[in-house]
Amino acid sequence: MAANLVNLEAVDKVYGTRALLDGISLGVNEGDRIGVVGRNGDGKTTLIRIVAKLEEADKGRVTHAGHLRLGVLTQHDSLDPAATIRHEVIGDMADHEWAGNAKVRDVLTGLFGDLHLPGFESGLDTVIGPLSGGERRRIALAKLLIGEQDLIVLDEPTNHLDVEGISWLAGHLRARRSALVCVTHDRWFLDQVCTRMWDVQRGAVHEYEGGYSDYVFARAERERIAATEEVKRQNLMRKELAWLRRGAPARTSKPRFRIEAANELIADVPPPRDSAELMKFASSRLGKTVFDLENVTVQAGPKVLIEHLTWQLGPGDRIGLVGVNGAGKTSLLRTLSEAARTQGEKQPVKGKVAVGKTVKLAYLSQEVGELDPAKRVLEAVQQVRDRVDLGKGREMTAGQLCEKFGFTKEKQWTPVGDLSGGERRRLQILRLLMDEPNVLFLDEPTNDLDIETLTQLEDLLDGWPGSMVVISHDRYFVERTTDRVFALLGDRALRMLPRGLDEYLERRQKVIDAAVPAVVAAPAAAAKAKPAGDTRAAKKELQKIERRLDRISEQETKLHERIAEQATDFEAVAKLDAELRELAGEREELEMRWLELADDV
């Protein structure tokens, strides 16, 4: 029988007048891999902080097994800013000792791409203080994973990791013997790693066996049994359940409840998307042409990212776009967006982009667009339109769509300046859809969104008739909302991947494996090509620029928050806005310099 590691008995936690946890009793045993889900603000992080004894409960008792070895990754690291990466991660181990340790090699390679940490100016000897939040978070994760623990507690571990990094982390955690409690909105990760789920809702925690997919099945069954009205039975979870049963075979493990009950639950639920009907409707809105690219070259400054691209985005196409960082995913969307904005007048440096006459594009970028912080949520939506046509005879008012996206009637009267980052992201998406576009470009749309909001967005997009391109590190979202996957692998070409993201990871692994033998010969070849000193100097300058760009992003985020806080002080807002513009100018100059140096390294 597995030993008990942590036990919570009748735990209460109250903030202000709101009970986040009400009489919670839970346990974590050896070998448990527990995923924690729930809406933003419902208490997921509070719960795991209480489990780790980083925060005290107001009532109840939390007990740890004697000599429990506990590792915790919080959203704010406790690294020593004066220390080097080597000191924090490797400790006192000699080079031959850590280099001969398979676990250390696996963690460093998995999280940083190489034992020598190529993304950092001085490798392992880089001082931590000046690094960005994302870099510090990866260092904190590496430090934790190199150690030995009985229980690991992780809060959003996939943040700042790309598709490859998330895939590596899932495999690493599956292979460990440590118990795990993990908060994440990455549903693919939950399916790969977890064997139990905690669903935090309105002060209660509901337990489910299995990963995320099993949780969806079991929660749907629980709600089916509890439902007393047909309206209750027609909830969002039923459609999610139908997707898991029909749209993504082999995703789930063995259901933990009667198969007959599940079949009864979804008997009258249509497939998530009627592709033929949507394609027909999209064609009527868009005609035959959306975007036609002929022999197109995409550049960022002087650097060529994509060349000789002949490609077509047709009416009703739903495309997932993946690729290595810097390969040109966002640049491609910007090129198409500029062509659409100027009705084909602005063309790429080479080739031609033909834009359909009826194209009405909405582009969700990674940056949260500025909104008047004094406006109420409902006013910000009604500013775009009062009602929206969702296709197939479906129509919603601004208020109804707000509720669909988690803005209750009370929340709709909240000033925009008082919203959290995730709520502003939701509002940004909502305003885009309210403008009734027929082409959507979504660049990392899942940032800051909790699982419930993600499923609501996916449900809305299921019936949305138009063309769509999605860039995302969230595998589940890509698979759920798109029909085909294209990849930019860093060789200036766009390729369709019939087997989707699994094929992408396989191709990337082959590239990495092929590059390993070349590592030894590379220094000699580089020496012949150009002086080593020049290359080293260029690399150092590149790394300095990258760190400065990360710091600029953090400064911009803080300035946006200050603008929201001082929304009524127009003089202060104007001053902060000037600072934002100054940072934007500096960023543009640095990006151009980065592109110049990248060609020389």
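Two rings of Phe, Tyr or Trp (its six-membered ring) are paired here if their centres lie within 6.5 Å, and a pair with planes over 60 degrees apart counts as edge-to-face.

**View 1. Aromatic pairs in the predicted model.** By this rule, the predicted structure contains 7 aromatic pairs. One of them joins tyrosine 212 and tyrosine 476, whose ring centres are 5.6 Å apart. The planes of these two rings meet at 90 degrees, so the pair is edge-to-face.

**View 2. The pair of tyrosine 212 and tyrosine 476 in its helices.** Tyrosine 212 belongs to helix H8 (residues 212-226), and tyrosine 476 to helix H18 (residues 475-481). The two residues lie 264 residues apart, and their pair thus links distant parts of the chain. Tyrosine 212 has a relative accessible area of 2% and is buried. Tyrosine 476 is likewise buried, with a value of 0%.

**View 3. An aromatic cluster that includes Tyr212 and Tyr476.** Tyr208 and Tyr215 join Tyr212 and Tyr476 in one aromatic cluster.

**View 4. Arginine 426 and phenylalanine 407.** The ring of phenylalanine 407 has the charged end of arginine 426 over it. The distance from this charged end to the ring centre is 5.0 Å.

**View 5. Confidence along the chain and two stretches with low values.** The average pLDDT of the chain is 81, and 82% of the residues score at least 70. Residues 254-259 have a pLDDT below 50, yet this stretch has 11 contacts in the model beyond near neighbours in sequence. Residues 518-529 also have a pLDDT below 50, and here the number of contacts beyond near neighbours in sequence is 0.

Key: Residues are numbered from 1 along each chain as its sequence is written. This is a predicted model: local features need pLDDT of at least 70, side-chain atom pairs count only at pLDDT 80 or more; totals for chains, interfaces and linings use all residues. Side-chain values use heavy atoms; hydrogens and water are left out. pLDDT is the predictor's confidence in each residue, from 0 to 100. Contact means heavy atoms within 4.5 Å. Rings of Phe, Tyr and Trp (its six-membered ring) pair if their centres lie within 6.5 Å; planes under 30 degrees apart count as stacked, over 60 as edge-to-face and the rest as tilted. Helices (H or I, at least four residues) and strands (E, at least two) are DSSP runs, numbered from the N terminus. Buried means under 20% relative accessible area, exposed over 50%, partly exposed in between (1.4 Å probe, protein chains only). A charge sits over a ring if NZ of Lys or CZ of Arg is within 6 Å of the ring centre and within 35 degrees of the ring normal.
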